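I'm opening a fresh notebook page for this one. Below is what I looked up, entry by entry.

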Amino acid sequence: MNIVVGYFLLGLVGILVETAVAPVLLHMQLTPELLLILVIYLGLYRQGFSGGLAAYTLGLLQDSFAGSTLGLYGLIFLTLYLILRGLAERLNTESPALLLFMVLCGTLLQAVLLIFLLGFLTDAGAVWRNILRSLPLQAVLNLVCAWLLFSFLQLLRRHRSLRRPPRRL
């Protein structure tokens with residue numbers, strides 16, 4: 001349960017960055033989807049019920065701050081998590097290029113799920129045009145942000161391994 005709370009707190013930081021910091025820095029209508037990147041990370045590295053619960057909770061957090069339909073992003077993030085968990089055992093998840101490819105695929109799959117769920121299950125009108133129009137720039141923005149985050153995480157891992165004393169036998 002501590003994992004779910006930890007990812008929820010990371011999701012809160014991500015929401016704050018998406019809503020408060022990114023619009024000031026980027027001066028665009030789009031912001032990087034940090035929660036999507038976090039769900040992709042969860043799908044590749046966390047197993048079991050706690051990972052799925054964390055992904056669903058992050059989706060509900062996204063819905064409460066930015067969504068118009070409660071549960072939409074919860075369902076989308078849980079679906080993405082389950083798909084990635086199914087793929088993660090067959091892929092080399094330590095490859096940085098694969099992580100970026102998964103962010104690109106996750107962005108595209110999220111758009112497809114949004115168009116399907118909003119278009120067929122609700123009467124959202126022609127929202128698919130807006131989603132498709134902004135999809136290329138959103139994908140590039142997510143890739144750049146994911147590359148920066150993964151580079152920062154690798155830097156932290158190296159720094160942490162340098163500070164750790166060697167193990168005695």
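**Buried share and ground rules**

I started with burial: 38% of the 169 residues in the protein chain are buried. For my own reference, buried is under 20% relative accessible area, exposed is over 50%, and partly exposed is in between, using a 1.4 Å probe and protein chains only. I'm working with a predicted model, where local features need pLDDT of at least 70, side-chain atom pairs count only at pLDDT 80 or more, and totals for chains, interfaces and linings use all residues. Residues are numbered from 1 along each chain as its sequence is written, and side-chain values use heavy atoms, with hydrogens and water left out.

**Overall build**

Next I looked up the elements. The protein chain has six helices and zero strands, so my note from the N terminus on reads α-α-α-α-α-α. Helices here are DSSP runs of H or I with at least four residues, strands are runs of E with at least two, and both are numbered from the N terminus.

How far does the C-alpha trace span along its principal axes? I wrote down about 65 × 35 × 30 Å. Then I checked the radius of gyration, which is taken over C-alpha atoms. The protein chain has 17 Å, which agrees with the value near 15 Å for a compact globule of 169 residues. The globule rule is 2.2 Å times the number of residues to the power 0.38.

I also looked at contacts, meaning heavy atoms within 4.5 Å. Among contacts between residues at least 6 apart in sequence, 72% join residues at least 24 apart.

**Surface and charge**

The accessible surface of the protein chain comes to about 10600 Å², and 67% of that belongs to carbon and sulfur atoms. Those areas come from the Shrake-Rupley method with a 1.4 Å probe, and for residues only the protein chains shown count as cover.

For charge, I noted 12 positive and 6 negative side chains, with the centres of the two sets 17 Å apart. Lys and Arg count as positive, Asp and Glu as negative, while His and the chain ends are not counted. Each charge is placed at NZ of Lys, CZ of Arg, CG of Asp or CD of Glu.

**The nonpolar core**

Which residues touch the most other members of the largest nonpolar core? I got Leu58, Ile76 and Phe77, out of 38 residues in that core. The elements that give two or more residues to this core are H1 (2-26), H2 (34-45), H3 (48-66), H4 (72-88), H5 (96-121) and H6. A nonpolar core is a set of buried Ala, Val, Leu, Ile, Met, Phe, Trp, Tyr and Cys residues joined through side-chain atoms within 4.5 Å.

I followed Phe77 outward. Leaving out residues up to four places away in sequence, Phe77 touches Leu35, Leu36, Val39, Ala55, Leu58, Gly59, Gln62 and Gln110.

That led me to Gln110, which lies in helix H5. Gln110 counts as buried because its relative accessible area is 3%. Beyond its neighbours within four places in sequence, Gln110 is in contact with Glu33, Leu36, Tyr73, Ile76, Phe77 and Leu80.

**Two stops on H6**

Gln138 lies in helix H6, residues 127-163. Is Gln138 buried or exposed? I found 8% relative accessibility, so Gln138 counts as buried. Not counting residues up to four places away, Gln138 touches Leu30, Thr31, Pro32, Glu33 and Thr107.

Cys145 lies in helix H6 too, and Cys145 counts as buried at 16% relative accessibility. With residues up to four places away left out, Cys145 touches Pro32, Leu34 and Ile37. Cys145 and Val13 are 132 residues apart in sequence and 15 Å apart in space, C-alpha to C-alpha.

**A few other places**

Ala88 is in helix H4 and counts as buried at 9% relative accessibility. Its neighbours within four places aside, Ala88 is in contact with Gly43, Leu44 and Thr93.

Ala66 lies in helix H3, and at 57% relative accessibility Ala66 counts as exposed. I checked Ala66 against Ile15: they are 51 residues apart along the chain, and their C-alpha atoms are separated by 9.1 Å.

My last lookup was Asp123, in the loop between H5 and H6. Asp123 is exposed, with a relative accessible area of 79%. Asp123 and Leu75 are 48 residues apart in sequence and 18 Å apart in space, C-alpha to C-alpha.
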